[in-house]
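Here is a short note for a colleague who is opening this entry for the first time. The points below are meant to be read with the structure in view.

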Amino acid sequence: MTSVQPPATNQSASSSKPSVSVKSIILTIGAVAIVIFSLAPVLWELLTSIKTNAAITADPLVYFPSWNQYTLQHYIDLFQDGFYIYIFNSALVAVVSTVLCLCIGSPAAYALARLKLPGERIILAVVLVVTLFPYILLFLGLLEIVRALGLANNYLALIIPYTAINLPLTILAMRSFFQQLPRDLEDSAKIDGYSTLGMLVKIIIPLTLPALVTTGILAFIFAWNEYIFALTFITRESMKTIPVAAAQLAGTTLFDIPYGPLAAATIVGTLPLIFLVLFFQRKIVQGLTAGSVKG
């Protein structure tokens, strides 16, 4: 009789253990380093906004103060000085310019995507050039237009330029999404009696909601953060936006820099953008990835 040898299990057991590769370790370390590098300034700004003045100006530098060196006085002083007015101004200008940008840019993008317009390539080339053109170079021309039309210290002095600057990007982005929609859908809608405008509003636009959200947020962020136009076209204190108001925060003396109120103003101006992106996070991801994979 022949004896049966038991199978060797040690080697198979050792081979089944998951091994951590050097590549995964490097990628993990790199990702953590990028996150720390990106969030460190934000964390520092947040800590500065809730530190006491003594902790901010302490020597040596206090990175993480003790519990009795935290305060909300900078935020209280900020809103007692009427900072909420600047929040309203920024929100008004950003929301109105974004809505106008989407309302004008979406039909224009649909026309360029579906209608055979004469000189379509030339129109697209002009739109692309305007998109790549640095908007700061438009400053002097816009200043003369604002003076000629008497729009100084008027919300329209910001709404119109913001809409015009974001319009080319909106047209290019929405056009690419309209081109991905099947034409059979539009043919069926026309058979059902929809007009072009009705089909666009009730059928096409809802299907491109992720693109609208993504493009709208980009336009909103630009209008919310813009500084040069808001500084020049608006000089009335009650109509200034957050970037201008934060930049003009002054200390008690000429050489006093109000680090605490500046940090608090920065955090207050950034929080709405963070909440906006988090609220529409899923739509933004859908808008950025739509059309990247075709199945």
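**Helix packing and one pocket**

1. Helices α6 and α8 are a good place to begin: their axes come within 8 Å and cross at roughly 125°. An angle over 145 degrees would count as roughly antiparallel, and α6 and α8 are therefore oblique to each other. The crossing of these two helices is left-handed. Please keep in mind throughout that this is a predicted model.

2. The contact in this pair involves Glu120, Leu124, Val127, Leu128, Val130 and Thr131 on the α6 side, and Pro168, Leu169, Leu172 and Arg175 on the α8 side. Sorted by class, the residues of the contact between α6 and α8 are seven nonpolar, one polar and two charged.

3. The second largest pocket draws on these helices too, since the elements that give two or more residues to its lining are α6 (120-132) and α8 (156-180). Its volume is about 260 Å³, and of the 14 residues that line this pocket, Val130, Thr131, Phe133, Tyr135 and Ile165 lie nearest its centre. Helix α8 provides the largest share of the lining, seven residues. By class, the lining has twelve nonpolar and two polar residues, with no charged ones.

4. Which helix crosses α8 at roughly 160°? That partner is α11, and the axes of α8 and α11 come within 10 Å. The two are therefore roughly antiparallel to each other, and α8 passes α11 in a right-handed crossing. From α8 the contact takes in Tyr162, Ile165, Asn166, Leu169, Thr170, Ala173, Met174 and Phe177, while from α11 come Ala211, Leu212, Thr215, Leu218, Ala219, Phe222 and Ala223. Twelve nonpolar and three polar residues make up this contact of α8 with α11, and no charged residue is part of it.

5. Helix α11 (residues 209-225) also packs with α5 (residues 83-114), at an angle of about 140° and with the axes 8 Å apart; α5 and α11 are therefore oblique to each other. The crossing of α5 and α11 is right-handed. On α5 the contact is made by Ile87, Ser90, Ala91, Ala94, Val95, Ser97, Thr98, Leu102 and Ser106, and on α11 by Leu212, Thr215, Gly216, Ala219, Phe220, Ala223 and Trp224. The contact of α5 with α11 divides into ten nonpolar and six polar residues, with no charged ones.

6. A last remark concerns residues that recur. Leu169 of α8 takes part in the contact with α6 and in the contact with α11, while Ile165, among the residues nearest the centre of the second largest pocket, is also part of the contact of α8 with α11.

Terms used:
Residues numbered from 1 in each chain as written. Predicted model: local features only at pLDDT ≥ 70, side-chain atom pairs only at ≥ 80, totals over all residues. Heavy atoms only, no water. 1 Å grid on protein atoms, 1.4 Å probe; cavity = no way out; pocket = protein on both sides within 12 Å on 5 of 7 lines; lining within 4 Å. Points joined across faces, edges and corners; volume = space filled by probe spheres on them. Helix = DSSP H or I, 4+ residues; strand = E, 2+ residues; numbered from the N terminus. Nonpolar A, V, L, I, M, F, W, Y, C, P; charged D, E, K, R; others polar. Axes fitted to C-alpha atoms, helices over the stretch in contact; angles between N-to-C directions. Parallel < 35°, antiparallel > 145°, perpendicular 65-115°, else oblique. Left-handed = near helix turned anticlockwise from the far one by under 90°. Contact = heavy atoms within 4.5 Å.
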